[in-house]
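Visitor: I'd like to understand the words people use for the parts of a protein model. Could you take me through them?

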Amino acid sequence: LNSEFMVTQARAFASRIEKLGTTDAERVTAAYRHAFDREPDTRELDLAVRFLKLPPRPTDKLTRWQQYAQVLLASSELMYVD
């Protein structure tokens, strides 16, 4: 989940999503549509927006958006088909 392949995919996904809205809420909604083919619920949207507003840490190798994209790509909802 933290391989170079996943990091590269997360960067690409974040770059794509960042262009699909002007606010974090719009971008999170777009990310859910693309990744899960659904809208985020209120709690998911709130958690995402709060996470994206956190200040970067000196040890971060990815931006907040790239980190968030990596989490979505590694989620069980994306990895498994019911």
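Here is a short conversation about three helices and one arginine.

Guide: Happily! This is a predicted model, in which local features need pLDDT of at least 70, side-chain atom pairs count only at pLDDT 80 or more, and totals for chains, interfaces and linings use all residues. Residues are numbered from 1 along each chain as its sequence is written, and side-chain values use heavy atoms, with hydrogens and water left out.

Visitor: Why does Arg27 count as buried?

Guide: Buried means under 20% relative accessible area, exposed over 50%, and partly exposed in between (1.4 Å probe, protein chains only). Arg27 has 18% relative accessibility, so it counts as buried.

Visitor: Which residues is Arg27 in contact with, leaving aside its neighbours within four places in sequence?

Guide: Ile17, Glu18, Gly21, Thr22 and Trp65; contact means heavy atoms within 4.5 Å. For Glu18, the backbone oxygen lies 3.0 Å from a polar atom of the Arg27 side chain.

Visitor: What makes helix α4 largely enclosed by the rest of the structure?

Guide: Nine of the 11 residues of α4 (residues 64-74) are buried, so the helix is largely enclosed. Among them are Trp65, Tyr68 and Leu72.

Visitor: How do you know which side of helix α3 the buried residues are on?

Guide: In α3 (residues 42-52), the buried residues are Ala48, Val49 and Leu52. They cover an arc of only 95 degrees around the axis, which puts them on the same side of α3; the arc is that of the directions from the helix axis to the C-beta atoms. These buried residues pack against α2 and α4, while Thr42, Arg43 and Arg50 are exposed on the other side.

Technical notes:
Polar contact = N/O pair within 3.5 Å; in protein donor to acceptor, adjacent residues only side chain to side chain. Helix = DSSP H or I, 4+ residues; strand = E, 2+ residues; numbered from the N terminus.
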